[in-house]
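This report looks at the nonpolar packing, the aromatic pairs and two buried polar residues of one chain. The sequence and the structure come first.

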Amino acid sequence: MRVKKTIKLLAIVQSFIFLTYIISFEFYINLQIAALSSFFIIAGSAYAYKKMVKNQVALENIDEKKDILDEIEDPHELYEDFEIDNIASDELDIKAIVKEEKKKIKILNIKDIKKGSKAGVSLFRLVPYLFLILGFIALKNNDLLDISVYLPSLLVGIVAGYFFAKEL
């Protein structure tokens, strides 16, 4: 069902774009390149993000996030696991507390960097940006680029990509 809706959406957008060929070829090609590149960027980003989330859920690597109110009231987690209620300072085991706090500190390592950059360096995100850059350069080199058409035409692809991403 989703695939049918997506194909229908793309068909409507492409038929609208094709109708602009009546105005001029320059208008049509600017609209086509801009709309497709922005659509591919939005769709690719949404798909890469969805894929990353599914992988993290499958690995059960879900960070428990604090409630927004708790984050505002205690942003540095001072009252999280340890409360002092009328305990004399000599009774506290300082070394144990320091060791526990050191365990909570996350050290930046290569594994975390690779995990965090998977969605950002995904081919589903890089190829559409390459298409955007190469399309822009091709229009410019062939003296077909009309910025007054190209920039607003990016919105057409963004809107279509948004509706596509909702269907994912």
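## Nonpolar cores

In this predicted model, the largest nonpolar core is made up of nine residues, namely V13, I17, Y28, L31, A35, F39, A43, A160 and F164. Helix 1, helix 2 and helix 7 are the elements that each contribute two or more residues to this core, and the largest share, five residues, is supplied by helix 2.

A35, one of the core members, has contacts with I17, S153, V156 and G157 once its neighbours within four places in sequence are left aside. A second core, separate from the one above, has five residues, among them I29, I33, A34 and L139.

## Aromatic pairs

Across the whole structure, a search finds 11 aromatic pairs. One of them joins F136 and Y150 in an edge-to-face arrangement, with 5.4 Å from centre to centre and 70 degrees between the planes. Because F136 belongs to helix 6 (residues 123–141) and Y150 to helix 7 (residues 147–167), this pair ties together parts that are 14 residues apart in sequence. The two partners can also be described by their accessibility: F136 is partly exposed, at a relative accessible area of 32%, whereas Y150 is buried, at 3%.

Y162 and F163 form another edge-to-face pair, for which the centre-to-centre distance is 5.4 Å and the angle between the planes is 65 degrees. Y162 is partly exposed at 47% relative accessibility, and F163 is likewise partly exposed, at 41%. Elsewhere, F18, Y21, F25 and Y28 come together as one aromatic cluster, and Y28 is also listed in the largest nonpolar core.

## Two buried polar residues

T20 is placed in the loop between helix 1 (2–19) and helix 2, and with a relative accessible area of 6% this residue is buried, because the value falls under the 20% limit. Not counting residues up to four places away in sequence, T20 touches F27, Y28 and L31, of which Y28 and L31 belong to the largest nonpolar core.

S38 is located within helix 2, which spans residues 25–58, and S38 is buried as well, with a relative accessible area of 6%. When residues up to four places away in sequence are not counted, S38 touches L154, G157 and I158. G157 also appears among the contacts of A35, so that residue is found in the contact lists of both S38 and A35.

Methods: Residues numbered from 1 in each chain as written. Predicted model: local features only at pLDDT ≥ 70, side-chain atom pairs only at ≥ 80, totals over all residues. Heavy atoms only, no water. Helix = DSSP H or I, 4+ residues; strand = E, 2+ residues; numbered from the N terminus. Buried < 20%, exposed > 50% of the residue type's maximum accessible area, 1.4 Å probe, protein only. Contact = heavy atoms within 4.5 Å. Phe/Tyr/Trp six-rings, centres within 6.5 Å; stacked < 30°, edge-to-face > 60°. Core = buried A, V, L, I, M, F, W, Y, C linked by side-chain atoms within 4.5 Å.
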